[in-house]
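The following report describes a protein assembly together with its bound partners. It takes the ligand sites one by one, and then turns to the other parts of the assembly.

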2 protein chains.
Amino acid sequence: MESIESDTDLAGKIEKRISESTIRRLSLYLRALSLLDKKGVKTISSKELASREKLTPAQVRKDLSFFGSFGTRGLGYPVSELRSEIAGILGINRIWKVALFGVGNIGSAMVSYKEFARQGFQIVKLFDNDQRKIGSNHKGIIVSDVSNLEPEIKEAGIEIAIIGVPATVAQYIVDDIVAAGIKAILNFAPINLKVPSDVYLRNENMSMELEYLSFAMVNNHSEKKTKP
Amino acid sequence: MESIESDTDLAGKIEKRISESTIRRLSLYLRALSLLDKKGVKTISSKELASREKLTPAQVRKDLSFFGSFGTRGLGYPVSELRSEIAGILGINRIWKVALFGVGNIGSAMVSYKEFARQGFQIVKLFDNDQRKIGSNHKGIIVSDVSNLEPEIKEAGIEIAIIGVPATVAQYIVDDIVAAGIKAILNFAPINLKVPSDVYLRNENMSMELEYLSFAMVNNHSEKKTKP
DNA sequence: ATCTTTATGTGAAATCGTTCACAATGAAAA
DNA sequence: TTTTCATTGTGAACGATTTCACATAAAGAT
Ligand SMILES: NC(=O)c1ccc[n+]([C@@H]2O[C@H](COP(=O)([O-])OP(=O)(O)OC[C@H]3O[C@@H](n4cnc5c(N)ncnc54)[C@H](O)[C@@H]3O)[C@@H](O)[C@H]2O)c1
Ligand SMILES: NC(=O)c1ccc[n+]([C@@H]2O[C@H](COP(=O)([O-])OP(=O)(O)OC[C@H]3O[C@@H](n4cnc5c(N)ncnc54)[C@H](O)[C@@H]3O)[C@@H](O)[C@H]2O)c1
């Protein structure tokens, strides 16, 4: 439960905790590199990569240096190779099976979004408690009854859950999900969910982003720093 | 364009830049306080408030102290009053008119979400370029043609735009929106949009959150710090 | 082969954000 | 009243992250 594990850790080297900011920036690098790769660009310098994501070249180099030396001095980084290195670091050079809880507005939007599957996040199960939805077909997936989640999750090999149910019931669903062995949760409900310390939880909070915009406008708040 | 403005700044006091983290935590405090207020709780200590959002009491007190003294020593903070103070700081004790661009999966989900309006963000215009959608009624709003956005935005007094169009066209739409005078944008397209420095931009990046979960699982990465 | 140019990788410095620790203060009890 | 108690508000210490600055290395030019 500490730091990073040995598959990105050259033997004997002292491990260093990777900051959340660095990990988030890796996602940005990955997105930029994927685009460049598709365009046929072969190499890119930290300066160019930084400018595409409003970061500094030093930041790019420092972030990457935590994981290894991927560049060539005088030349830059090989686009395609760096792309797959980062995919490997982020753990998305594989398929993650995802289950979605709550096939409502936000849930339906997620299932329809093909980009997730392309990035390795495959939504393979949908759960709801509404009898009108259970049994119906959404993008090729039959909606299951949430009251029977454990065997279905285990059988399908689900490792990530997305929470798209109302805030009032989210904690109950999460308790069941955790009991079923899921270790990663992306939550859209506006509530602070309690999970055991070995379960990873991220919150998607759109109100927070709108409120940030509101604050910025009311206070003429300047972005002082490159933030992923 | 620097720091916070004078309405939260007692005369003569030196202004201090408020960190992004602090602003994001204010949103969390607001959410918790709204809930407590609804439950009829009258006062809350920094300790209790912190525990509800997985933060430290010192953090809560420090965050609030940037904006004033709202508590009573020995007692705590008055829930209802602090709630409206924070709403004032965030600039949401008023109504913001919002326009949504791209009435697709994510766009439809946002229009249907009543909570935004309750928080002061009122979606009053929808824009699309699909002839089948233009003129149709979504939750009481007629979808407008995006090619005629400027007069409609100005007439409606829109100040915030939500971008729910494909990444390939997002920059074009944003250029038009900015030309129409909009100063705040919440973007769902997975692309780094270029905007003038006086336009506030926030990105909602769900892939980033999923990738963070993936990284955490692959690397047994522990949350070391309270992050909003 | 040698030189010039360009750009990486990385300690060290600087900046920024969080936590500590305690004096100050008001509420409640005696 | 006076004392006790709980909890705020805040400088200062600490820790984390970002930026600087340069030695190092490879590519391309001459
Ligand atoms: N729609 C948005 O734009 C938006 C934005 C931000 C956050 N959210 C949050 O996302 C969540 C879902 O929002 P929505 O707009 O999609 O709501 P919704 O009402 O459209 O969908 C909720 C779904 O959850 C299902 N459900 C309810 N109780 C359940 C239970 N006990 N078990 C399983 N399924 C259950 C309902 O049948 C429904 O299909 C909410 O917590 C909301 O606050 C939504
Ligand atoms: N659906 C999701 O869960 C999800 C998740 C993350 C990010 N996103 C991003 O959000 C955006 C929208 O995704 P979606 O799934 O809602 O897509 P979608 O295709 O369902 O919706 C896009 C909408 O934009 C409209 N549009 C296209 N070109 C336009 C133009 N030039 N002007 C105005 N409108 C135009 C289309 O007619 C359509 O209604 C995309 O950038 C996507 O990458 C979506």
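**The site of ligand 1**

In this predicted model, an oxygen atom of ligand 1 lies 2.9 Å from a polar backbone atom of A:Asn105. Side chains take part as well: a polar side-chain atom of A:Asp128 is 2.5 Å from an oxygen atom of ligand 1, and an N or O atom in the side chain of B:Tyr113 is 2.7 Å from an oxygen atom of the ligand. On its own, ligand 1 has 820 Å² of accessible area, of which the protein covers 84%.

The shell around ligand 1 is made up of 23 residues, and the closest are A:Ile106, A:Asp128, A:Lys133, A:Val165 and B:Tyr113. Because the residues that surround ligand 1 come from chains A and B, the site is shared between chains. A:Asp128 and B:Tyr113 thus appear both among the closest residues and in polar contacts with ligand 1, the former at 2.5 Å and the latter at 2.7 Å.

Three helices each supply at least two residues of this shell: helix H5 (105-112) and helix H8 (167-179) of chain A, and helix H5 (105-112) of chain B. H8(A) gives the most, with 3 residues. By class, the shell around ligand 1 consists of 15 nonpolar, 5 polar and 3 charged residues.

**The site of ligand 2**

Ligand 2 is surrounded by 24 residues, of which A:Tyr113, B:Ile106, B:Asp128, B:Lys133 and B:Val165 come nearest. Residues of chains A and B surround ligand 2, so this site is likewise shared between chains. The side chain of A:Tyr113 places an N or O atom 2.7 Å from an oxygen atom of ligand 2. Chain B contributes through its backbone: an N or O atom of B:Val165 is 2.7 Å from an oxygen atom of the ligand, and a backbone N or O atom of B:Ala167 is 3.5 Å from an oxygen atom of the ligand. The protein covers 84% of the 820 Å² of accessible area that ligand 2 has on its own.

Two or more residues of the shell around ligand 2 come from each of H5 of chain A, H5 of chain B and helix H8 (167-179) of chain B. The largest share, 3 residues, is that of H8(B). The shell divides into 16 nonpolar, 5 polar and 3 charged residues.

**The surface near DNA strand D**

Around DNA strand D there are 27 residues, the closest being A:Arg25, A:Arg73, B:Ser46, B:Arg61 and B:Tyr77. Of the strand's atoms within 4 Å of the protein, 63% belong to sugar or phosphate and the rest to bases. The table gives polar contacts of this strand.

| Protein group | Atom of DNA strand D | Distance |
|---|---|---|
| A:Arg73, side-chain N or O atom | base oxygen | 2.5 Å |
| B:Ser46, side-chain N or O atom | phosphate oxygen | 2.6 Å |
| B:Phe70, polar backbone atom | phosphate oxygen | 3.1 Å |

The elements that give two or more residues to this surface are helix H1 (20-39) and helix H3 (57-65) of chain A, together with helix H3 (57-65) of chain B. H3(A) provides the largest share, 4 residues. In the surface near DNA strand D, 4 residues are nonpolar, 13 are polar and 10 are charged.

**Relation of the two chains**

Chain B is superposed on chain A by a rotation of 180° with 0.0 Å of shift along its axis, at an RMSD of 0.0 Å. The two copies are therefore related as by a two-fold rotation axis. The same surface serves both copies, since 100% of the contact residues of chain B recur in chain A.

**The sheet of chain B**

Chain B contains an open sheet of 7 strands with mixed pairing, in the order S5-S6-S4-S3-S7-S8-S9. Strand S5 (137-138) and strand S9 (200-203) stand at its edges with a single partner strand each, so one side of each has no neighbour in the sheet. Strands of a sheet pair through backbone hydrogen bonds, either parallel or antiparallel. In chain B, strand S7 (residues 160-163) and strand S8 (residues 184-187) run parallel and are joined by 4 bridges. Within this pair, B:Ile163 has B:Asn187 of S8(B) as its bridge partner.

Definitions and conventions:
Residues are numbered from 1 along each chain as its sequence is written. Chains are lettered from A and ligands numbered from 1 in the order in which they are written. This is a predicted model: local features need pLDDT of at least 70, side-chain atom pairs count only at pLDDT 80 or more; totals for chains, interfaces and linings use all residues. Side-chain values use heavy atoms; hydrogens and water are left out. Copies are superposed by least squares on the C-alpha atoms of residues with pLDDT of at least 70 in both. Contact means heavy atoms within 4.5 Å. A residue is near a molecule or strand if one of its heavy atoms lies within 4 Å of it. A polar contact is a pair of N or O atoms within 3.5 Å; within protein, one must be able to donate a hydrogen and the other to accept it, and residues adjacent in sequence count only if both atoms are side-chain atoms. Accessible areas come from the Shrake-Rupley method with a 1.4 Å probe; for residues, only the protein chains shown count as cover. Ala, Val, Leu, Ile, Met, Phe, Trp, Tyr, Cys and Pro count as nonpolar, Asp, Glu, Lys and Arg as charged, and the others, Gly among them, as polar. Two strands pair if DSSP finds at least two bridges between them.
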